[in-house]
Amino acid sequence: MHRDGRDNLLADHNEHGWALPFLDGGATPEKNAEWLGKYFQMLKRSATSPQSDRYRPDLERCTDLAAHYLVKTDWFVDAPLQQLVRLGSNLSKHPRRATCMQAVAWIAGEVLEHDSLPELSAKNLALLANALSKNTRSDRCEQAVARLGRVLLRERLDRDLTAQGASKVLNALSKWPGSPACRSAGESLGERVASDDTLLQEMNAETVASTFTALSKWLDSPVSQMTGRLMAERIANDTPLVEDMDERHLAELLNAMSKWPENRSCRKGAGAWPNGSRTTMPGSTRCS
C-alpha cells in the first residue's frame with residue numbers, strides 16, 4: 001500500500017483526515033492530473049492483487065480521497081482533456097461511490113467550459129462520453145454527453161470513427177432518452193451507422209448488443225427503427241456473429257428486439273439464436 005500523508009496539512013481540511021502529499025496546489029493542472037492518473041493506476045493494480053479483498057475498504061477510501069481533490073480543489077482546472085478522459089474512465093468504475101460521481105460531474109463541467117474540443121480523438125470522445133454516462137443524475141453529465149455526441153458527428157466523423165466508438169457514444173446518449181439534445185445526437189449517429197455498411201459489418205457481438213439496446217430507447221424514432229432493422233437483418237444472416245454472443249449479449253438483444261414486436265426483421269433476428277433454440281418475443285408469434 002501507499003503512504004497517504006496523514007500529517008499533511010490538507011488532511012486537516014477534508015473529511016477524510018488523509019491527504020495525497022504528491023499533489024501540489026502550486027503545480028500545474030497538467031502535472032497534478034498526471035500524478036493523480038498514476039495514483040489511480042496504482043489503485044487499479046492493487047485491486048487485482050491476490051490480497052485485494054483484505055485491503056478493499058482501504059482501496060475504496062483511497063479512491064474517494066483521490067476523487068475529493070477534483071471536487072474540492074481548483075488544482076485540475078484547465079487540465080488537458082486527454083488527461084481528464086483517463087481520470088474519468090477510472091472514476092466511472094465506481095458508480096456507487098458518491099464522491100467519484102461528483103468528480104465525474106466536475107469533469108463534465110470542464111467539457112462544457114471548453115469552447116472547442118480539438119485535442120480529443122473520436123476514441124477519446126467515446127471513452128469520455130462513456131465515463132460521464134455513469135452519472136445519470138447529473139445535468140452537467142447529460143449536457144456534456146450531448147455535446148460530445150455533436151462534436152463527434154461534426155468534427156471527427158470521417159477521420160477515425162469506429163464501430164466500438166459509435167456504440168459507446170450511442171449507449172451514453174441513450175442514458176438520457178428523454179433529453180432532446182441526446183436524442184438528436186443519437187438519431188444523427190444512428191443514421192450515420194445505418195448509412196455505412198462497413199461500420200455495420202465491423203460491429204462484433206458486444207457492440208451489436210450495446211447499439212441495439214441504445215436504439216431501443218427511442219422506440220418512436222424512424223431512424224432507430226431503420227437502423228435497428230438493418231442490424232436485425234445482419235443478426236439473422238450472420239451465423240458467426242451469433243455464435244460469438246454469450247448469454248448476456250443474447251439477453252440484451254432479445255430485450256431490445258421485443259420492443260419492436262411488429263418489426264419482421266427483429267422477429268427474424270430473434271430467431272437466429274445458436275443451437276436451434278427458439279425464442280418468443282412479447283406481442284409476437286413464436287419465432288424460429
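1. A search of the whole structure, which is a predicted model, finds 12 salt bridges. Side chains of opposite charge can pair when their charged atoms come close. Three of these pairs are described below, followed by the pockets, one helix and two loop residues.

2. In helix α1, lysine 38 and glutamate 34 meet through their side chains in a salt bridge, with an N to O distance of 3.3 Å. The two residues are four residues apart in α1, so about one helical turn separates them. An α-helix has 3.6 residues a turn, so residues three or four places apart point the same way. Lysine 38 counts as partly exposed, at 44% relative accessibility, and glutamate 34 is also partly exposed, with a relative accessible area of 30%. The pair does not stand alone: Lys31, Glu34 and Lys38 are linked in a network of salt bridges.

3. In helix α2, arginine 61 forms a salt bridge with aspartate 58, and the closest N and O atoms are 2.2 Å apart. The spacing here is three residues, about one turn of the helix. Arginine 61 is partly exposed, its relative accessible area being 33%. Aspartate 58 is likewise partly exposed, with a value of 27%.

4. Helix α12, which spans residues 222-237, holds both glutamate 233 and arginine 229. Their side chains meet in a salt bridge at 3.2 Å, N to O. Four residues, or about one turn of the helix, lie between the two positions along α12. Glutamate 233 is partly exposed at 31% relative accessibility, and arginine 229 is partly exposed with a relative accessible area of 33%.

5. The largest pocket has a volume of about 260 Å³. Its lining consists of Phe40, Leu43, Lys44, Ala47, Arg56, Leu59, Glu60, Thr63, Asn90, Lys93, His94 and Arg97. Two elements, α1 (29-47) and α2 (56-72), give two or more residues each to this lining. By class, the lining has four nonpolar, three polar and five charged residues. The helices named here also carry salt bridges already described: α1 holds the pair of lysine 38 and glutamate 34, and α2 holds arginine 61 and aspartate 58.

6. The second largest pocket contains about 170 Å³ of space. Asn130, Gln164, Ser167, Lys168, Asn171, Asn204, Glu206, Thr207 and Ser210 line this pocket. At least two lining residues come from each of α8 (163-173) and α11 (205-215). The largest share, four residues, is supplied by α8. As to class, the lining has no nonpolar residues, seven polar ones and two charged ones. The lining of the largest pocket, by comparison, includes four nonpolar residues.

7. Which residues of helix α14 are buried? In this helix, residues 247-257, they are His249, Leu250, Leu253, Ala256 and Met257. These residues cover an arc of only 135 degrees around the axis, and therefore lie on the same side of α14. The N-terminal end of α14 is capped by aspartate 246, which has a side-chain oxygen 3.1 Å from the backbone nitrogen of arginine 248.

8. Serine 179 belongs to the loop between α8 and α9 (180-194). Is this residue buried or exposed? Serine 179 is buried, because its relative accessible area is 5% and the cut-off for a buried residue is under 20%. The side chain of serine 179 reaches the backbone nitrogen of cysteine 182 at a distance of 3.2 Å.

9. Aspartate 78 is placed in the loop between α2 and α3 (81-91). Most residues other than glycine have a negative phi. The phi of aspartate 78 is near 70 degrees, a positive value in a residue other than glycine. Aspartate 78 is exposed, with a relative accessible area of 60%. Serine 179, the other loop residue considered in this note, is buried.

Methods: Residues numbered from 1 in each chain as written. Predicted model: local features only at pLDDT ≥ 70, side-chain atom pairs only at ≥ 80, totals over all residues. Heavy atoms only, no water. Buried < 20%, exposed > 50% of the residue type's maximum accessible area, 1.4 Å probe, protein only. Arc of directions from axis to C-beta. Polar contact = N/O pair within 3.5 Å; in protein donor to acceptor, adjacent residues only side chain to side chain. 1 Å grid on protein atoms, 1.4 Å probe; cavity = no way out; pocket = protein on both sides within 12 Å on 5 of 7 lines; lining within 4 Å. Points joined across faces, edges and corners; volume = space filled by probe spheres on them. Nonpolar A, V, L, I, M, F, W, Y, C, P; charged D, E, K, R; others polar. Salt bridge = Lys/Arg side-chain N within 4 Å of Asp/Glu carboxyl O.
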